[in-house]
Amino acid sequence: MSPGLEQPFSLSVPHADLELLRTKLEIVRFPDELEGAGWDHGAPLADIKRLVSHWKEKFDWRKVEAEINKLPMFIRDIEVEGFGTLNIHYVHLKSEVVNAIPLLLVHGWPGHFLEEKKLFPLLTSSSSEHPSFHVVALSLPGFGFSEAAHKPGFAGRQYAEVLNKLMLSLGYEEYAYHGTDWGHTLGVHAVHHYGHKHIKAWHSNFPFYRAPTLSTYPRLYLEYLTLPYLNKPAYAGLVQTAKWRMKAVGYYTEQATQPQTIGYSLADSPVGLLAWIYEKLVSWTDGYPWTDDEVIEWVSIYWFSRAGPTAAGRIYYEMTGGNTHDSFQGAERTTVPLGLSYFPEDLVQLPRSWMRMIGDVVFESQHDKGGHFPGFEQPEKLAGDLRKMFAKGGPAHGVVPGKNGFDQ
């Protein structure tokens with residue numbers, strides 16, 4: 001394939017891969033479980049047994065595959081400085097509105113390009129009441145059906161280069177950005193490198209950043225010390241965040257330090273992969289009523305991924321230098337307009353003032369329901385925030401020249 005040439009993409013998992021999966025599900029050896037452990041030790045045995053049975057006996061991959069193939073999917077080679085060419089997979093949904101705003105949606109882990117699929121029809125719809133968007137949702141390198149990097153060192157700058165070059169290749173010299181999970185962190189890097197010239201405004205539903213220090217942001221640091229006394233809601237958020245970090249970040253430490261070790265289990269055992277991801281789908285959402293089909297489809301994207309499920313987890317290692325520094329290293333504050341959506345059961349609840357260390361916050365929205373995957377849990381609310389931010393009279397209206405989201 002010629003470098004940079006867009007090609008239509010259709011998902012077609014080989015029959016032999018389906019047969020291998022079935023064999024592995026048939027011969028699974030489940031672990032034991034302590035009486036009354038529930039969720040305290042991780043994914044409950046009864047849940048995993050039920051899901052394995054559903055995967056094996058009822059789940060119809062070919063039906064799911066056919067539905068996925070209804071999306072306009074493409075692949076394209078993108079040259080990354082120092083890493084050669086990577087073949088990148090993406091969905092490109094164009095609005096009927098001529099002046100629709102080009103919007104790049106970027107997922108994280110354990111998400112994938114379909115995490116935001118419920119947003120697709122909402123964002124591309126046309127109305128005189130709200131802006132419309134041309135939506136691009138890619139599989140990050142190493143995720144889904146994109147090629148993975150083949151050597152170490154693929155981190156913030158390289159991801160940002162892929163994201164920007166993809167949008168430029170589609171003819172979007174200027175565009176907006178939305179990120180969730182790692183998509184938020186990569187947004188910080190992308191805006192640092194390509195803000196103003198290409199990224200005109202961006203939005204995140206995972207407001208997260210490093211803590212202020214006395215030397216970098218003395219006012220915010222002193223404010224941080226007084227939170228227990230002067231801002232009890234913000235302090236409660238930090239307490240909630242601390243509890244999560246104490247109890248539930250084993251996955252992060254493992255993938256940020258020895259991703260290859262856990263990778264053997266994830267690549268070889270569909271049941272191990274299922275448990276690894278299912279635990280997050282349940283515990284990171286706000287009581288979302290997952291169906292068995294939804295869970296298995298989500299996990300199947302990882303199982304049938306181009307590079308295999310091990311590749312995706314390496315983002316933790318590469319972005320943190322093996323857990324030796326935070327994931328924002330190399331990116332500085334910008335003045336690109338930033339919008340933030342807060343959901344009450346997200347993993348991290350930080351003081352809103354800290355987000356001013358990232359950029360020029362022009363829009364904030366607090367919701368009463370939702371967790372870490374709002375594009376899947378609360379798509380109407382998340383789409384509503386993006387519409388408000390870029391709407392007529394909104395703080396980011398008209399930031400993309402000639403693309404205001406409306407016919408006129």
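How many helices and strands does the chain have? It has 15 helices and nine strands. Helices (H or I, at least four residues) and strands (E, at least two) are DSSP runs, numbered from the N terminus.

This is a predicted model, in which local features need pLDDT of at least 70 and side-chain atom pairs count only at pLDDT 80 or more, while totals for chains, interfaces and linings use all residues. Residues are numbered from 1 along each chain as its sequence is written, and side-chain values use heavy atoms, with hydrogens and water left out.

**Overall fold**

The C-alpha atoms fill a box of roughly 60 × 55 × 45 Å along the principal axes. The radius of gyration is 21 Å, which agrees with the value near 22 Å for a compact globule of 408 residues. That radius is taken over C-alpha atoms, and the globule rule is 2.2 Å times the number of residues to the power 0.38. Buried residues make up 57% of the 408 residues. Buried means under 20% relative accessible area, exposed over 50%, and partly exposed in between (1.4 Å probe, protein chains only). Of the contacts with a separation of 6 or more, 78% join residues 24 or more positions apart. Contact means heavy atoms within 4.5 Å.

**Two loop residues**

| Residue | Loop between | Relative accessibility |
|---|---|---|
| His107 | strand S4 (101-106) and helix H4 (119-124) | 2%, buried |
| Ile358 | strand S8 (337-342) and strand S9 (360-366) | 5%, buried |

A polar atom of the His107 side chain lies 3.1 Å from the backbone nitrogen of Leu140. Not counting residues up to four places away in sequence, His107 touches residues including His112, Phe113, Leu140 and Trp182.

With neighbours within four places set aside, Ile358 contacts His184, Val188, Trp202, Phe208, Tyr209, Arg333, Thr334 and Leu338. Leu11 is 347 residues from Ile358 along the chain, and their C-alpha atoms are 38 Å apart.

**A helix pair**

The axes of helix H9 (residues 250-257) and helix H13 (residues 309-320) come within 7 Å and cross at roughly 70 degrees. H9 and H13 are therefore roughly perpendicular to each other. H9 brings Tyr251, Tyr252, Gln255, Ala256 and Thr257 to the contact, and H13 brings Gly313, Tyr316, Tyr317 and Thr320. By class, the contact has five nonpolar, four polar and no charged residues. Axes are lines fitted to C-alpha atoms, for helices over the stretch in contact, and angles run from 0 to 180 degrees between N-to-C directions. Angles under 35 degrees count as roughly parallel, over 145 as roughly antiparallel, 65 to 115 as roughly perpendicular and the rest as oblique. Ala, Val, Leu, Ile, Met, Phe, Trp, Tyr, Cys and Pro count as nonpolar, Asp, Glu, Lys and Arg as charged, and the others, Gly among them, as polar.

Conventions: A polar contact is a pair of N or O atoms within 3.5 Å; within protein, one must be able to donate a hydrogen and the other to accept it, and residues adjacent in sequence count only if both atoms are side-chain atoms.
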